[in-house]
Amino acid sequence: MPNQLTDNKCPCCQSTEIEGHSFDAEGGSKVGQEMYCTDCGSEWYDTYKLADQAIVANNSDEEQHRLNVLDLARCNGLHVDGETEIQDDAILSEGEDNGAYLQAWVWVDFAGTDLDKEAAPEPTSPWREDGTLRNPGR
Ligand SMILES: [Zn+2]
């Protein structure tokens with residue numbers, strides 16, 4: 001039966017009394033480590049492969065430019081909480097003109113209109129969440 005790959009057992013005697021020397025990187029996505037079992041004296045070489053990638057920063061020129069425009073918009077007071085909001089991931093649309101369009105959210109107030117949620121609440125559904133009727137007698 002082939003030994004199952006594991007990072008905390010000796011591949012010969014399955015002991016967990018193992019020691020590792022320092023990691024050495026063979027290339028961008030592979031890292032190796034010399035291992036030693038203090039129980040049976042075996043030596044082997046563990047190889048680690050890239051398992052995941054998580055972006056912690058994206059400083060491409062294009063992204064940096066977008067962030068600069070975002071900063072400029074906020075410094076110029078174009079972001080007003082509850083009225084005109086610019087999110088961190090706002091889309092930038094820029095042409096040849098001396099400026100650019102930046103995506104923003106505009107608040108639309110329903111108060112006193114046909115859309116008013118407080119004056120005319122949604123009618124209650126005849127169905128309960130468990131699928132039964134609220135007024136089965138009718
Ligand atoms: Zn061993």
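**View 1. Asp-24 and Gly-32 face each other across two strands.** In this predicted model, look for Asp-24, which stands opposite Gly-32 in S2. The strands here are S1 and S2, which run antiparallel and are joined by six bridges. If you're new to sheets, here's the basic idea: strands pair through backbone hydrogen bonds, and the pairing can be parallel or antiparallel.

**View 2. Strand S2 meets strand S3.** Now follow S2, residues 30-37, over to S3: seven bridges link this antiparallel pair. You can pick out two of the partners by eye. Val-31 has Tyr-48 in S3 as its bridge partner, while Gln-33 sits opposite Asp-46, also in S3.

**View 3. A hairpin turn links S2 and S3.** Zoom in on the stretch between the two strands, and you'll find five residues making the connection. Gly-41 sits in this turn, and its phi is positive, at about 80°.

**View 4. Three strands make one open sheet.** Step back and the order reads S1-S2-S3, with antiparallel pairing. Which strands stand at the edges? They're S1 (18-25) and S3 (43-49): each has a single partner strand, so one side of each is left without a neighbour in the sheet. The sheet isn't flat either, as the twist averages 25° from one strand to the next. While you're looking, remember that side chains in a regular strand alternate between the two faces of the sheet.

Key:
Residues numbered from 1 in each chain as written. Predicted model: local features only at pLDDT ≥ 70, side-chain atom pairs only at ≥ 80, totals over all residues. Pairing = 2+ DSSP bridges. Helix = DSSP H or I, 4+ residues; strand = E, 2+ residues; numbered from the N terminus. Axes fitted to C-alpha atoms, helices over the stretch in contact; angles between N-to-C directions.
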